[in-house]
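Visitor: Could you walk me through this one, starting with the rings and then moving on to the packing and the loops?

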Amino acid sequence: MTNFIPIFPLGIVIYPGESLNLHIFEPRYKQLITECHTGKKLFGIPAVIDNKIQDYGTLIRIDEITTTHENGEMDIKTTGEKIFRVLEIIKDVPEKLYSGAIVTYPENYEKGNPELMRRVINSIKELHRLLNVQKDFKKEEEQLKAYDVAHHIGLSLQEEYELLYLFDERQRQEYIKRHLAKVIPMVAQMEQLKEKVKLNGHFKNITGFNLDL
């Protein structure tokens, strides 16, 4: 399926099912949000990396306009719906301040490997333990998918974007597993280094080397 959507390019990656709160202040996006909310239409957030709109983004549903300020600025709650691919950017839309895009929607295979996901979750717990971080994913562990945890494992923006255009849950699980296998040893080494730094200057009880051996 191919269609036209209004777009709100941002330097972030949004995943399907993810909640996102936004403060809307630019005139073009105030118009976009007002029209989409009134018409119960979706809009797209294509990722912007290195000042360039990328080929993939996420279709966004407006859940609520929580506040409309006197100057017309808005606070809104939204949710990611599904991933789109940009076929063409329409920079100038007649009678609109905002831009749009012709997009298509790649098929997304959502069934993952439960055992692999269990190992991924255990690795995430280990990473968070090392970082002394606590996360509430607001889901039972058996219900967690790659999209639910992707923003909580230290991926760069480019890596988050790479995950966005993996259209098989098993591929996404493998991507996260490889990332964690790389980053956890690095964090563990940093923890060891921190402990060594803490001990620097302390008196140490160390047995001398025996020259008679």
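Guide: A definition comes first: rings of Phe, Tyr and Trp (its six-membered ring) pair if their centres lie within 6.5 Å, and planes under 30 degrees apart count as stacked, over 60 as edge-to-face and the rest as tilted. This is a predicted model, in which local features need pLDDT of at least 70 and side-chain atom pairs count only at pLDDT 80 or more, while totals for chains, interfaces and linings use all residues. Residues are numbered from 1 along each chain as its sequence is written, and side-chain values use heavy atoms, with hydrogens and water left out.

Visitor: Okay, which residues do the ring pairs link into a cluster?

Guide: The cluster is made of Y56, Y161, Y165 and F167, linked by ring pairs. In total, the structure holds 6 aromatic pairs. The pair of Y56 and Y165 is stacked because the ring centres are 5.5 Å apart and the planes are at 25°.

Visitor: Where do Y56 and Y165 sit along the chain?

Guide: Y56 is in strand β4 (residues 52-68) and Y165 is in the loop between α4 (157-164) and α5 (169-199), so to speak of the pair is to speak of a link between distant parts of the chain, 109 residues apart. Helices (H or I, at least four residues) and strands (E, at least two) are DSSP runs, numbered from the N terminus.

Visitor: And Y56, buried or exposed?

Guide: Y56 is buried, at a relative accessible area of 15%, whereas Y165 is partly exposed at 33%. The cut-offs are under 20% relative accessible area for buried and over 50% for exposed, with partly exposed in between (1.4 Å probe, protein chains only). Y165 also forms an edge-to-face pair with Y161, at 5.2 Å centre to centre and 70° between the planes, and Y161 is buried at 5%.

Visitor: Which ring does the charged end of K82 sit over?

Guide: The ring is that of Y105, and the charged end of K82 lies 4.2 Å from its centre. The criterion here is that NZ of Lys or CZ of Arg is within 6 Å of the ring centre and within 35 degrees of the ring normal.

Visitor: Switching to packing, how many residues are in the largest nonpolar core?

Guide: That core has 31 residues, and I176 and L180 touch the most other members. The elements giving two or more residues to this core are β3 (43-49), α2 (114-131), α3 (146-149), α4 and α5, and the largest share, 7 residues, comes from α2. A nonpolar core is a set of buried Ala, Val, Leu, Ile, Met, Phe, Trp, Tyr and Cys residues joined through side-chain atoms within 4.5 Å.

Visitor: What does L180 touch?

Guide: Not counting residues up to four places away in sequence, L180 touches V120, S123, I124, L127, I153 and P185, where contact means heavy atoms within 4.5 Å. Apart from the largest core lies another, of 17 residues, including L20, L22, F43 and M74.

Visitor: Tell me about α2 itself; which residue caps its N-terminal end?

Guide: N113 is the cap, with a side-chain oxygen 3.0 Å from the backbone nitrogen of E115. Helix α2 has 18 residues and reaches 26 Å from its first C-alpha to its last, close to the 26 Å expected at 1.5 Å a residue, that expected span being 1.5 Å times one less than the number of residues. Among the buried residues of α2 are L116, M117, V120 and I121.

Visitor: What follows α2?

Guide: N132 follows α2, and its phi is positive, near 55°. Most residues other than glycine have a negative phi. N132 lies in the loop between α2 and α3 and is exposed, with a relative accessible area of 71%. N51, in the loop between β3 and β4, also has a positive phi, near 60°, and N51 is exposed at 80%.

Visitor: Back to the loop between α2 and α3, what does K135 contact there?

Guide: Leaving aside neighbours within four places in sequence, K135 is in contact with H128 and H152. The side chains of K135 and H152 make a polar contact at 3.3 Å, a term for a pair of N or O atoms within 3.5 Å; within protein, one must be able to donate a hydrogen and the other to accept it, and residues adjacent in sequence count only if both atoms are side-chain atoms. K135 is partly exposed, at 43%.
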